[in-house]
Amino acid sequence: MTELLPQNQIDSFKARAAAIAHPHELIVDLLRAIQSHYGWVPDDGVLLTAVTLGILPVEVEELATFYDKIYRRAVGRRVIHVCDSICCWSTGAEMITEHLQKSLGINFGMTTADGAFTLLPSCCLGACGDAPAMMIGLTTYGKLTPQQIDEILLKERAAIAAAD
Amino acid sequence: MNAYPQVLFKNRRPGETVLLSEYEKAGGYQGLRTALKMSPEEVSTQVKNSGLRGRGGAGFPTGIKWSFFPVDQPGEKYLVCNGDEMEPGTYKDRQLLLADPHQLVEGMAIAAYALQTPVGYVFLRYAYEDCSLRVERAIEEAIDAGYLGKNILGSGFDVELHVHRSAGRYILGEETSLLNGLEGRRPVPRSKPPFPARSGLFGRPTNVNNVETLATVPHILTNGPVWFHTLALSPDGVGTKLFGLSGHLNRTECFELPLGITLREVVEDFGGGVRGGHKFKACLPGGASTPYLTAEHLDVMMDFDPLEVVNSRLGTAGVTVFDEHTCMVAVTRNLNHFFARESCGWCTPCRDGLATVSWLLDRIEFGQATMDDLAMLKDQVRNIKGRSFCALAEGAMGPVEALLRLFEDEIKDHIKRGGCPFAGK
């Protein structure tokens, strides 16, 4: 099993926490670092954050459970956030969602059998001029059509394979 | 399309980001140089005289906000840029930061000097990693050039800026919730008063402004408040505004337009008209929380005061257009689901009220509603408005209230038919 975060990053967060008056302000940064390295934030990730910053686990958990882009359950290698807010909805987001669900063979909240993708609905991604839109990882894709989605998924799958 | 003066977008080129050298060549950082030759009070007065109103949605006069700030109070004081931009239909700050991020850095340096806040935070939403990277690069360039850091441009004043990357949730756009988010506390809103100017980040005086607001400040310092007044088309309006167009338009892009431009010109000229040759039915004039406008409002001027006259708001000027085949119950249902999901759960009118409104709108849309449900919907709006802890639920009621005011017949049609009259269209 992969480590939650490389030791040098833990040390760097410890040093930063010691140098500032309010170590709590690093909670989101550290949770995001763990998620970026480990894929999501398990209970041990909450604990590691608390220990590293010298604060209580509950102070971390009350943030981890609040933000919707901190994953407290296991997710696939890439999380797909499909926008369902007004601009995307009015320009075909439901059709886009259906296509994604069919191509991936999963519904919202599920992960593909090969562990590649988790599909989640999302509020507005700030890509309203390029609706309908989705975000995979931290990359936003707009003006989606079913054909484009197929190409994007192929590209993302290739990127996952290349990283292994 | 009329060619209007470009201020924030004057350097914008598709797919490119302006770097420091180009920004300086186009007159960048002249505003900061001008400001540093003045006293902090004089800088605030320039902004106050410009009439600039906040671009984040509420439209509060920026110079007045600054005038409340305890500039002379010793100890830590903070400047915060609100780049949460999560209101559906709003994507203008992203366009600004992708195109020309030094405007924000310069604006923050000027604001920091005017308010004597040597430490600033740029709060950016999770989805805007592209913006975070560009702002960080601009900050680095500005430090190397002496516009940020110790003793900026030999003025004896220090400014340091930090980028905070958030992790989702619309409520962070509420300024006190954002401050909790920056502190690493659960980001529910705080009670006001005390206002952030008295007790904000870490309990210290804090000034919070939107990205576009701060990015406008350098231009006011460079060209003067009188120039800023000449930019608007409305008699009492000032300045230009970024309009993000979306929905059923041929051209869904972000344009910098003079305040006071008519909705018709925005929709027909800049938006290229309703797509597919369809008719304009309604629009959100300034994001998901602004009450609808209909075809009878096409000649209304897009500015703060004229839109209030027609019971709406300029908000963020994210204009989302709907054609005549769109069910306004379904639109309102979608908007309300957003607000209900993004409610932080702190207060009952928002947590439970928005869920109830969603349930009622579901019943109407899917043909399960009776006239009693319509009466209950009206009750809910009355009971939520003015009774929630922060502005989220208040904003959520904007479109619902407008649905009841402008499209009650459409609601009744759903109830009578036992289903959506637009289904399958």
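Does B:N180 count as buried or exposed, and at what relative accessibility? In this predicted model, B:N180 has a relative accessibility of 9% and therefore counts as buried, since the cut-off for a buried residue is under 20% relative accessible area. The residue belongs to helix α8 of chain B, which covers residues 175–183. Once neighbours within four places in sequence are set aside, the contacts of B:N180 are with B:R185, B:R186, B:P187, B:V188 and B:R190.

With that residue placed, the chain around it can be described. Chain B contains 17 helices and nine strands. Its C-alpha trace extends over about 75 × 45 × 35 Å along the principal axes. The radius of gyration of chain B is 22 Å, which agrees with the value near 22 Å expected for a compact globule of 425 residues. Buried residues account for 62% of those 425 residues. Among the contacts in chain B with a separation of 6 or more, 71% are between residues 24 or more positions apart. The accessible surface of chain B amounts to about 15400 Å², and carbon and sulfur atoms contribute 50% of that area. Chain B carries 45 positive and 51 negative charges, and the mean positions of these two sets lie 3 Å apart.

Chain A can be read in the same order. Seven helices and four strands make up its secondary structure elements, and along the sequence they follow the pattern α-α-α-α-β-α-α-β-β-β-α. The box filled by the C-alpha atoms of chain A is roughly 50 × 35 × 20 Å along the principal axes. Of the 164 residues in chain A, 51% are buried. For contacts in chain A with a separation of 6 or more, residues 24 or more positions apart supply 62%. Chain A exposes about 7400 Å², with 55% coming from carbon and sulfur atoms. Its 12 positive and 19 negative charges have mean positions 4 Å apart.

Charge pairing is the next topic. Side chains of opposite charge can pair when their charged atoms come close. Over all chains, the structure holds 37 salt bridges. One of them joins B:R13 to B:E22, with 2.6 Å between the closest N and O atoms. B:R13 is partly exposed at 34% relative accessibility, and B:E22 is also partly exposed, with a relative accessible area of 27%.

A further salt bridge pairs B:E136 with B:R165, where the closest N and O atoms are 2.7 Å apart. This pair links distant parts of the chain, as B:E136 sits in helix α7 (residues 129–144) of chain B and B:R165 in strand β3 (residues 160–165) of chain B, 29 residues apart. B:E136 counts as partly exposed at 27% relative accessibility, whereas B:R165 is buried, with a relative accessible area of 17%.

In the salt bridge between B:D362 and B:R333, the closest N and O atoms are 2.5 Å apart. B:D362 lies in helix α14 (residues 348–365) of chain B and B:R333 in helix α13 (residues 328–342) of chain B, so the pair ties together parts that are 29 residues apart in sequence. The B:R333 partner counts as partly exposed, at 22% relative accessibility. Beyond individual pairs, salt bridges with shared partners connect A:R32, B:E129, B:E136 and B:R165 in one network.

Note on methods: Residues numbered from 1 in each chain as written. Chains lettered and ligands numbered in written order. Predicted model: local features only at pLDDT ≥ 70, side-chain atom pairs only at ≥ 80, totals over all residues. Heavy atoms only, no water. Helix = DSSP H or I, 4+ residues; strand = E, 2+ residues; numbered from the N terminus. Buried < 20%, exposed > 50% of the residue type's maximum accessible area, 1.4 Å probe, protein only. Contact = heavy atoms within 4.5 Å. Areas by Shrake-Rupley, 256 points an atom, 1.4 Å probe, with all protein chains shown as cover. Lys, Arg positive; Asp, Glu negative; His and termini not counted. Charge placed at Lys NZ, Arg CZ, Asp CG, Glu CD. Rg over C-alpha atoms; globule rule 2.2 N^0.38 Å. Salt bridge = Lys/Arg side-chain N within 4 Å of Asp/Glu carboxyl O.
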